[in-house]
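Colleague: I should be grateful for a close look at one helix of this model and at the helices that pack against it. Please set that part in the context of the chain, and add some individual residues for comparison of their surroundings.

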Amino acid sequence: MSRRRRRSKINTTAIFGALGGILLAILAIIGISKLIDNGANDICHGYGVDTERGGYCLTSNYDYDQLVIVTGNTQNTPAPEIDFQNDETMATILHDVFYNTESGTNPDISIVSASGDNHSIDYNADYRPGKNVDASNNNLSKLAKSVNKAIKEPATEAGADYVGGIMEAKNLISSSSEHPVILVVGSGYSDSGVLDFAHDEIIERYKDDPTNIISILEQDRRVESQDLKNVAVYWYNLGNVVAPQPSMNDERNTTQGIYQSLFSYLGAKNANLKNYNEQSTNAKSVDTDYTVQPTFASALQPGDTVSVNESIGKFKGNSDELLNSDETSQKLKSFARKFNASNNIKLKLTGYIAYCAPGSTLGQKRAVVIKNTLVDLGVPADLIEVGGEAGSPPENDNEAYSCNSSLPDSERRTVIIRVVGG
């Protein structure tokens, strides 16, 4: 933990009254002093230069001293970006953590992926305060670029679990940290974990009764009340999504309410969830081959798609035997409930296999198994069309399947469900 100094503050009105005239006179006579002082403040963005430590700006006992970022580097959220230059809050956080660094050590910053098992992401952290403030600010700028590059590292596992990422961030917070902050950048829509939006109808349950979220949290051992006590939380782009995830703009307030309940339960000392970066109409996610199961907050529409890959349905090798039929049924239940035949839609199921096998019917057989699961869940059999291909999902629009797929095996062995017009 770095040795800190409070920024100089004069809070006594009486002192100002007694010395005000003298100070004004001194400034009027020696105007250059004010210019020099302003220059020092500018170079430290109003913090003031630490005259006892070369290359440092002042910090206070209340500044952030550790930062953990949870990055939405998945397929259902815009590519993450943190504006450390123009966003005052983000600039302040990075500045605080950077200048709370002990001499000769790196700033205490970690990055956690929202995908899969929430692994940590490495980045070039070798930027620290230098011999003078100009050098330090240059390193601070390089650190911001390094962090932004790292949070765009594509997911290397399927799925998204934001609560899991937040809890992993909590585990990375040092016991010596007095003012840690967790920054989350991403949509918030998970398809696994404590708040599984894709399969557990979290939005519907919150709308029925907001206290349902607390009940979910109380019954899950992966989180405990007050887990984030004394931890500040900032979230950017909560509810912002990109294809193939359908728009969730109408559910933004609901999503904020759900996560506000989470952070209240976890005891975060503040949770600022309404930070948004401007998003272009053609925004895209990072370039990852790993899918995230979509969240459907309303009735299915043509164009909606679900990939029943190994994170949902696990088939025995070279067989149409479904090894986890109960789990598959549970995970498709919410999707089936959103199917409304009166909307003039139907489902088209296409099965794919890991490697090309000309003439193989395995893909179609697996699609039939998923069709039967959907029928058991209430989707009319005559509104489900079934087909199969002799290879992996296509990577180009002009092919039915791929024999040279770059997808991981878990994404090749899949049955893709597409909602089409009736």
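Modeller: The account below begins with the chain, turns to the helix in question, and ends with three single residues.

The model is a predicted one. Its protein chain comprises 422 residues, of which 49% are buried. The chain contains 11 helices and 9 strands. Along the principal axes, its C-alpha atoms occupy a box of roughly 90 × 45 × 40 Å. When contacts between residues at least 6 apart in sequence are taken, 77% of them link residues at least 24 apart.

The helix I have chosen is H8, which spans residues 252-266. Two helix pairings of H8 can be described, one with H7 and one with H5.

Helix H7 covers residues 211-218, and its axis comes within 9 Å of the axis of H8, with a crossing angle of roughly 50°. Because angles under 35 degrees count as roughly parallel and those from 65 to 115 as roughly perpendicular, H7 and H8 are classed as oblique to each other. The crossing of H7 past H8 is right-handed. On the H7 side the contact is formed by Ile213, Ile214, Leu217 and Glu218, and on the H8 side by Ile258, Ser261, Leu262 and Tyr265. Sorted by class, these residues are 6 nonpolar, 1 polar and 1 charged.

The second pairing involves helix H5, residues 162-172, whose axis comes within 13 Å of that of H8 and crosses it at roughly 30°. Since the limit for roughly parallel is under 35 degrees, H5 and H8 fall into the roughly parallel class. Their crossing, too, is right-handed. Here H5 contributes Tyr162, Val163, Ile166 and Met167, while H8 contributes Tyr259, Leu262, Phe263 and Leu266. The contact of H5 with H8 consists of 8 nonpolar residues, with no polar and no charged ones. Leu262 of H8 takes part in the contact with H7 and also in the contact with H5.

I now turn to the single residues. Ser115 is located in the loop that runs between strand S2 (109-113) and helix H4 (133-150). Its relative accessibility is 0%, so Ser115 counts as buried. The side chain of Ser115 makes a polar contact of 2.7 Å with the side chain of Ser113. Setting aside residues up to four places away in sequence, Ser115 touches Asn73 and Thr74, together with Ala155, Thr156, Glu157, Gly159 and Ala160.

Phe98 belongs to helix H3, residues 88-99. With a relative accessibility of 0%, Phe98 is therefore buried. Beyond its neighbours within four places in sequence, Phe98 is in contact with Pro107, Tyr127, Arg128, Pro129, Ser136, Asn139, Leu140 and Leu143. A separation of 48 Å lies between the C-alpha atoms of Phe98 and Ile417, which stand 319 residues apart along the chain.

Thr350 is part of strand S7, residues 345-352. Its relative accessibility is 7%, and because buried means under 20%, Thr350 counts as buried. Residues up to four places away in sequence again being left out, the contacts of Thr350 are Ala367, Gly387, Gly388, Glu389, Thr414, Val415, Ile416 and Arg418.

Definitions and conventions. Residues are numbered from 1 along each chain as its sequence is written. This is a predicted model: local features need pLDDT of at least 70, side-chain atom pairs count only at pLDDT 80 or more; totals for chains, interfaces and linings use all residues. Side-chain values use heavy atoms; hydrogens and water are left out. Helices (H or I, at least four residues) and strands (E, at least two) are DSSP runs, numbered from the N terminus. Buried means under 20% relative accessible area, exposed over 50%, partly exposed in between (1.4 Å probe, protein chains only). A polar contact is a pair of N or O atoms within 3.5 Å; within protein, one must be able to donate a hydrogen and the other to accept it, and residues adjacent in sequence count only if both atoms are side-chain atoms. Contact means heavy atoms within 4.5 Å. Axes are lines fitted to C-alpha atoms, for helices over the stretch in contact, and angles run from 0 to 180 degrees between N-to-C directions. Angles under 35 degrees count as roughly parallel, over 145 as roughly antiparallel, 65 to 115 as roughly perpendicular and the rest as oblique. A crossing is left-handed if the near helix is turned anticlockwise from the far one by less than a right angle, and right-handed if clockwise. Ala, Val, Leu, Ile, Met, Phe, Trp, Tyr, Cys and Pro count as nonpolar, Asp, Glu, Lys and Arg as charged, and the others, Gly among them, as polar.
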